[in-house]
Amino acid sequence: MKSYPENRRVDGIGKVTGKAVFAADQSPGHVLYGAVKRAGIPHARIVRIDVEKARECPGVRAVLTADDIAGVHGFGILVPHQRVLADDKVRYFGDGIAIVAADTEEQARFAAEQIEIEYEALPTLSSPEEALKSGAPLVHERSNLAVEHRVHHGESERPPDAPVMLERTYRTQHAEHSYMEPEAIVAWPAEHGGIIVKGSVQNLFSTRRSLAAVLDLPLNKVQIIQTTLGGSFGGKDEAMTLLACRAALLALATGRPVKMVNSREESFIESYKRHPYRLHYELGADKSGELRSMQIDVLADAGAYASTSQFVTWRSTVQATGPYRVPWVRTRVRAAFTNNNYTGAMRGFGSPQVNFAIESLMDELAEEIGKSPLEIRRLNAYRDGDFTPTGQQLPGKVTVIEALEGVARACDYEKKWAENRARQKETNPIKRGIGLACSYRGVSLGAEGIDAAGTLVAIQTDGSVTVSSGVTDMGQGAQTAISAVVAEVLGISLSRIRFLNTDTDRVPDSGPTVASRATIMGGGAAHEASMTLKKRLLELAARVYGGDGSDFRLENNALWRRQERLASFDELAGKAFANGLSLMALGWHKTPKTTWHEEHGQGTAYFTYVYGANAAEVEVDTETGQVRVLDVWACHEVGKVVSYPQACGQVYGGVVMGMGYGLFEEYYQERGIPRIQNFDEYTLATALDAPQIHASFLENPDALSPIGAKSLGEPATEICAPAIVNAIFNATGRRIRELPASLERVLLGRQLRRHGVRTSLAKETP
Ligand code: MOS
């Protein structure tokens, strides 16, 4: 094993000692508490809202509805139709109708419950299939078709003839992000007439943009500061914009700071989920198993609002064929509006669904042909110089086969696979299985948007350093990764660096912290800033000690000329100050250009790609359907490992999250009514379920990344579910085509109807 420098997590001490200040820990003087009156009905026209009783309640300082909003009512990254407070109608169960500020949380919640709303119930759309039927009621003004993307690859009208044809349909479920910390925020009216909010926000700049529009304020009067986040996984974007706007409206109405914290139940019913997909694949191959064609039709549930559906489904479109050469491809991915929870960004962002389908399908092809799943992948997987279905030649070294071979060797795949298969018919009810899955994934935003970010590095006069970035840490370790880049360039220890929480007043708009882009973008910008400062320091050294800047180097917290240690880093910083040098620099990193032509789905979708493979070994109890995941081997090509413990952490968390998605998790709604509203019913994988995880990394510094590093956060979670499902097949011969692979699906091959699930917040509607 290669050794890596310094292993400390820069924000670790605050977290393990309990000193970290999370959003809900804030309690400023004179603070009021905010509460929301939510719809509790999935689809209805609002006839009348009566807030009089609520206004009379003890402790109440303000009650607001959509009529009290000064600016626009709606927000949204592409389609600004999500209401801060519903005005004309309710589109899903969790929609907010009115907000209350009161002296205590109890008073605010009590008053919110006294708000009376008269509805005219509308028919509920509970699936995208239903929503796209002609004559279906509309969720918004126009069509229920929210998104449609296509990829058209291969000239001939019809797919080329193929002796082997497979047609399969897979389904995935709604999933909840399950961050430990529910959404929380405090908003203050600012002395300049604007607003300051501090909270658990993942994407500060999109929240700021929406908040400014809703309050009708310029961006420079809206300040968003990030508190320490207890997880996000893509989830604290629109969910936090809602909370920020509501708290800000109440703060400006009352002239007092307002705190709002969602309970877990509120978080469940209001927040967006991972998109459920129905994936239909038709595959053509020759007798050896070499792929000739794929026709893919995907339908996703966008829920009540557009959110990031456009982009989530676009990633699915680009990656739907998996990391395989397919000469002829027709892909169509659509999403439809329904009256379910809206769906949006969640770690993986459109990849876990298509990876589940394509990686299951490759195993089904192997079965059909009579080859091992490893052989079938080896035969078809991308190699150097291959083209994707969007017409892009893969840049640099293509390492998917290397990753696959790596995990296969580590787990002794071929031998175990053959043995388990032979044992399926034995009488012992406990069966073993081993499964593989692999992926390729576009790095960062790709042709989805402008891709640039900034990081500010400031060396203090005593040689300590502060770093602030436009990309954020939500628990994934960006602080450590970005600090590690600075430490390496300046030749200093990590302990000298303090990473400041992101503040929109102090750093440039760097886009959203999504798409596994924090390390490459924030780190890339940190690299540029640190290089600027290093150059300044070395030029100063040349002036002070004589000679050329290139004679000097920064290493081990000191300035060196060959073997001679000239000054400590502290002394050097002091000298720079005494010489009137600026030791603050803003680095900016912009990715290489990407292109996209929507009509045929062609273009340079992402400027570069990462590759990875998982193998999972399971034990299945064929008398109960219980699956225990024993070991997972995960190999990822990440360009360059910036921080080894952080990289392992991403893989450990990613595997367990992927395992929960594969085996347990499902947010279940019945005709728009959430039947699961807390963790007593939403089953997460816990530490006790966690398998032994064997993480390994392939390094192949990417010429298109200033620090050589690419992405890991999402790759780490996107292929665990199919590896497990393939292992279940290897153990039992039962193919699960619908997630999660619950006890019933493993035992009986179908999901039993759900009975008696608690419905405390539900008002049954026709
Ligand atoms: Mo992420 S799911 O791209 O926030």
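A salt bridge is a side-chain nitrogen of Lys or Arg within 4 Å of a carboxyl oxygen of Asp or Glu. The exercises below apply this rule and a few others to the structure above, which is a predicted model.

**Exercise 1. Decide whether Asp363 and Arg377 form a salt bridge, and find which parts of the chain the pair ties together.**

Solution. Begin with the distance: the closest N and O atoms of Asp363 and Arg377 are 2.7 Å apart, and the cut-off is 4 Å, so the pair qualifies as a salt bridge. Next, place the two partners: Asp363 belongs to helix H9 and Arg377 to helix H10 (residues 373–380), so the bridge ties together parts that lie 14 residues apart in sequence. Finally, consider the surroundings, where buried means under 20% relative accessible area. Asp363 has a relative accessibility of 5% and therefore counts as buried, and Arg377, at 0%, counts as buried too.

**Exercise 2. Work out how Arg441 and Glu714 are joined, and how far apart in sequence the parts are that they tie together.**

Solution. The side chains of Arg441 and Glu714 meet in a salt bridge, with 3.1 Å from N to O. Arg441 sits in strand S18 (residues 430–442), whereas Glu714 is in the loop between S30 and H17, so this pair ties together parts that are 273 residues apart in sequence. Both Arg441 and Glu714 are buried. Elsewhere, salt bridges that share partners join Arg38, Glu105, Arg109, Arg246, Glu266 and Glu270 into one network.

**Exercise 3. Are Lys397 and Glu402, which meet in a salt bridge, buried or partly exposed?**

Solution. The salt bridge between the side chains of Lys397 and Glu402 has an N to O distance of 3.8 Å. To classify the residues, recall that partly exposed covers the range between under 20% and over 50% relative accessible area. Lys397 has a value of 40% and is therefore partly exposed, and Glu402, with 38%, is partly exposed as well.

**Exercise 4. Describe the setting of His280, starting from its strand and going on to its contacts.**

Solution. First, locate the residue: His280 is part of strand S15 (residues 277–285). Second, list what it touches, leaving aside residues up to four places away in sequence: these are Glu167, Arg168, Thr169, Gln295, Ile296 and Asp297. Third, look at the side chains, where His280 makes a polar contact of 3.0 Å with Glu167.

**Exercise 5. Which residues touch the most other members of the largest nonpolar core, and which helix gives this core its largest share?**

Solution. The largest nonpolar core has 163 residues, and those that touch the most other members are Ile195, Leu211, Tyr281 and Phe697. Its largest share, 11 residues, comes from helix H6 (residues 238–254). A second, separate core has 43 residues, among them Met521 and Leu559. Returning to Leu211, its contacts beyond four places in sequence include Ile195, Val222 and Ala248.

**Exercise 6. Find what is unusual in the backbone at Phe349, at Arg671 and between Leu739 and Pro740.**

Solution. Start from the general rule that most residues other than glycine have a negative phi, and most peptide bonds are trans. Phe349, however, has a positive phi near 55°; it lies in the loop between strand S17 (328–337) and helix H9 (351–369), and its relative accessibility of 10% means that it counts as buried. Arg671 also has a positive phi, of about 45°, but with a relative accessible area of 43% this residue is partly exposed. Lastly, the peptide bond that joins Leu739 and Pro740 is cis, with omega about -5°, and Pro740 is in the loop between helix H17 (720–732) and helix H18 (743–747).

How values were computed
Residues numbered from 1 in each chain as written. Predicted model: local features only at pLDDT ≥ 70, side-chain atom pairs only at ≥ 80, totals over all residues. Heavy atoms only, no water. Core = buried A, V, L, I, M, F, W, Y, C linked by side-chain atoms within 4.5 Å. Buried < 20%, exposed > 50% of the residue type's maximum accessible area, 1.4 Å probe, protein only. Helix = DSSP H or I, 4+ residues; strand = E, 2+ residues; numbered from the N terminus. Contact = heavy atoms within 4.5 Å. Polar contact = N/O pair within 3.5 Å; in protein donor to acceptor, adjacent residues only side chain to side chain.
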